[in-house]
Number of protein chains: 2
Amino acid sequence: MTDGPTLDEKPRYHHGDLQAALLVAAEAELAEAGIEAFSLRRVARRAGVSHAAPAHHFGDVQGLLTALAAEGYRRFLQAQAAREAEATGDAASQMVAAGLGYIDFALARPALFRLMFSSDRPDYGNADLLVWADRAYQHLEQGVAATGGQGIEDLGAVWAVAHGLADLLAAGRLDALRGLPGPARDAALAGIIRRVLP
Amino acid sequence: MTDGPTLDEKPRYHHGDLQAALLVAAEAELAEAGIEAFSLRRVARRAGVSHAAPAHHFGDVQGLLTALAAEGYRRFLQAQAAREAEATGDAASQMVAAGLGYIDFALARPALFRLMFSSDRPDYGNADLLVWADRAYQHLEQGVAATGGQGIEDLGAVWAVAHGLADLLAAGRLDALRGLPGPARDAALAGIIRRVLP
DNA sequence: TTTGGAACTTGACGATGGAAAGATCGACGC
DNA sequence: GCGTCGATCTTTCCATCGTCAAGTTCCAAA
């Protein structure tokens, strides 16, 4: 990972760090084409490599999309952490912040969000993906517990609003809300999330 | 549409009602394969017709999926109406019932639900699809207004919980809730929905 | 320096969606 | 009854896709 290939190297037979380059290319492809038009061969072209090269690192398309989804959950947690860092320390505010981070992520990377939450293509038996998805779930669980929530009903309520807002906004179904000026939008979303807190 | 072809007719060159037959086949294909593996040629085979036959009735895959999505919104409204008919007449109970119908639909036809809410493939410029999607939106708007809701925040709150619950449950992400015995599940879901009512 | 394995390429296969061109059929005018 | 014309459906062809098998290039350890 350290001292990777610089930009002005002459083309070599061995790429150097194809695995990472393919992930970058795949994310770009996903963002531009969406999951439903995602093409492995285009990803390979994007990375300047033959169409069969990805197989060696990821097995098949599913392998690549699985790795991408796992990476997605990592960023997903980062987005929530970023909002939480800006919020006051009480449990309710932290929970609201996590929800806003959830929504931030969906709006910033809608195709990746869809890959993670509305696609059959990643392999949810994969250990790495499971770990990161589970980490995201546990983060939610802890946040709900901190606000005094108990049981699946409290957890489901918080998850559902956050996820529902994220999914609808990312799909362009709640443009009246999305179109609000930044702070007003945040306030409106925060107000909605607060309604379901225990 | 009346006196359509009976089951025991000999195979004819002209199908009789291919348009309808293709929609039925397409829904089966969608339910079995999902959107991401949906194959137009398999739909044609299912309907006992050449792979190019659908083109004449729907143009291309997008046309067929668009028609399917429009049909989906019709059923979606029916599912909500069914729950509303069983509920008491006060506005809040009606709103909760609509939410339960929303969830019923997503659980009964997850792939169709995903086509309608998480796919780029239908053509949302299509007039028929727009009409039905809009009808569903208006139904929600009226329900929220009846409970005294005003503005995008009240509407967004109700839509988000219902949609979030539906999407997460359909994706198998809230199995602890889904696994509850029928009445207990309904009660839990109703409790969650009530939290966001104005 | 040799050599074995990892990284990558090339070429092939079956499946897909769409376009083009031909075959069949029903309905309407005469 | 008889054409004929447009709608319906089939056949054939093409580019693209994902995967597989076999070959090539390169690195690094022995």
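The dialogue below goes through a predicted model of two chains and asks what supports each description.

User: How do you know that the two copies are related as by a two-fold rotation axis?

Analyst: Chain A can be laid on chain B by a turn of 180 degrees, with a shift of 0.0 Å along the axis. The RMSD of that fit is 0.1 Å. The two copies are thus related as by a two-fold rotation axis.

User: Which residue of chain A comes closest to the rotation axis?

Analyst: Gly164(A) does, with its C-alpha at 1.9 Å.

User: What makes you say that the copies meet through the same surface?

Analyst: Of the interface residues of chain A, 100% are also interface residues in chain B, so the surface is the same on both copies. In the contact, 30 residues of chain A meet 30 residues of chain B.

User: Which helices of chain A supply at least two residues each to the side that touches chain B?

Analyst: They are α6 (110–117), α8 (151–170), α9 (175–178) and α10 (182–196). α8(A) gives the most, with 12 residues. By class, this side of chain A holds 16 nonpolar, 7 polar and 7 charged residues.

User: How confident is the predictor in chain A, by mean pLDDT?

Analyst: The mean pLDDT of chain A is 93. A value of 70 or more is reached by 93% of its residues. Over residues 1–10 of chain A, however, the pLDDT is below 50. Beyond near neighbours in sequence, that stretch has 4 contacts in the model.

User: How many helices and how many strands are there in chain A?

Analyst: Chain A has 10 helices and 0 strands. Its C-alpha atoms fill a box of roughly 60 × 35 × 35 Å along the principal axes. Of its 198 residues, 40% are buried. Take the contacts in chain A with a separation of 6 or more: 64% of them join residues 24 or more positions apart.

User: What are the domains of chain A, and where do they lie in the sequence?

Analyst: The domain assignment gives domain 1 (1–59) and domain 2 (60–196). Their centres, taken over C-alpha atoms, are 28 Å apart. The contact between them takes 13 residues from domain 1 of chain A and 13 residues from domain 2 of chain A.

User: What makes up the side of domain 1 of chain A that touches domain 2 of chain A?

Analyst: α1 (18–33) and α3 (53–58) of chain A each supply at least two residues. α1(A) gives the most, with 6 residues. By class, this side of domain 1 of chain A has 10 nonpolar, 2 polar and 1 charged residues.

User: How do you know that the span of helix α4 of chain A agrees with its number of residues?

Analyst: Helix α4 of chain A covers residues 61–86, which is 26 residues. The expected span is 1.5 Å times one less than the number of residues. For this helix of chain A that comes to 38 Å, and its end C-alpha atoms are 38 Å apart, so the two agree.

User: What do the buried residues of α4(A) pack against?

Analyst: They pack against α1, α2 (40–46), α3, α5 (91–108), α6 and α7 (127–146) of chain A. The buried residues of α4(A) include Leu64(A), Leu68(A), Tyr73(A), Phe76(A) and Arg83(A).

User: Why is Val158(B) called buried?

Analyst: The cut-off for a buried residue is 20 or more other C-beta atoms within 10 Å. Val158(B) has 28, so Val158(B) is buried. Val158(B) sits in helix α8 (residues 151–170) of chain B. Neighbours within four places in sequence aside, Val158(B) is in contact with Met95(B), Val144(B), Val196(B) and Leu197(B). From Val158(B) to Glu141(B) the C-alpha distance is 9.8 Å, with their positions 17 residues apart in sequence.

User: Why is Leu23(B) called partly exposed?

Analyst: A residue is buried at 20 or more such neighbours, exposed at 12 or fewer, and partly exposed in between. Leu23(B) has 19 C-beta neighbours inside 10 Å, so Leu23(B) counts as partly exposed. Leu23(B) lies in helix α1 (residues 18–33) of chain B. Its contacts, leaving aside neighbours within four places in sequence, are Ala67(B), Leu68(B) and Glu71(B). Leu23(B) and Gly143(B) are 120 residues apart in sequence, and their C-alpha atoms are 31 Å apart in space.

Note on methods: Residues are numbered from 1 along each chain as its sequence is written. Chains are lettered from A and ligands numbered from 1 in the order in which they are written. This is a predicted model: local features need pLDDT of at least 70, side-chain atom pairs count only at pLDDT 80 or more; totals for chains, interfaces and linings use all residues. Copies are superposed by least squares on the C-alpha atoms of residues with pLDDT of at least 70 in both. Two residues are in contact if their C-beta atoms, placed from the backbone, lie within 7 Å. pLDDT is the predictor's confidence in each residue, from 0 to 100. Helices (H or I, at least four residues) and strands (E, at least two) are DSSP runs, numbered from the N terminus. Ala, Val, Leu, Ile, Met, Phe, Trp, Tyr, Cys and Pro count as nonpolar, Asp, Glu, Lys and Arg as charged, and the others, Gly among them, as polar. Domain bounds come from an automatic or database domain assignment.
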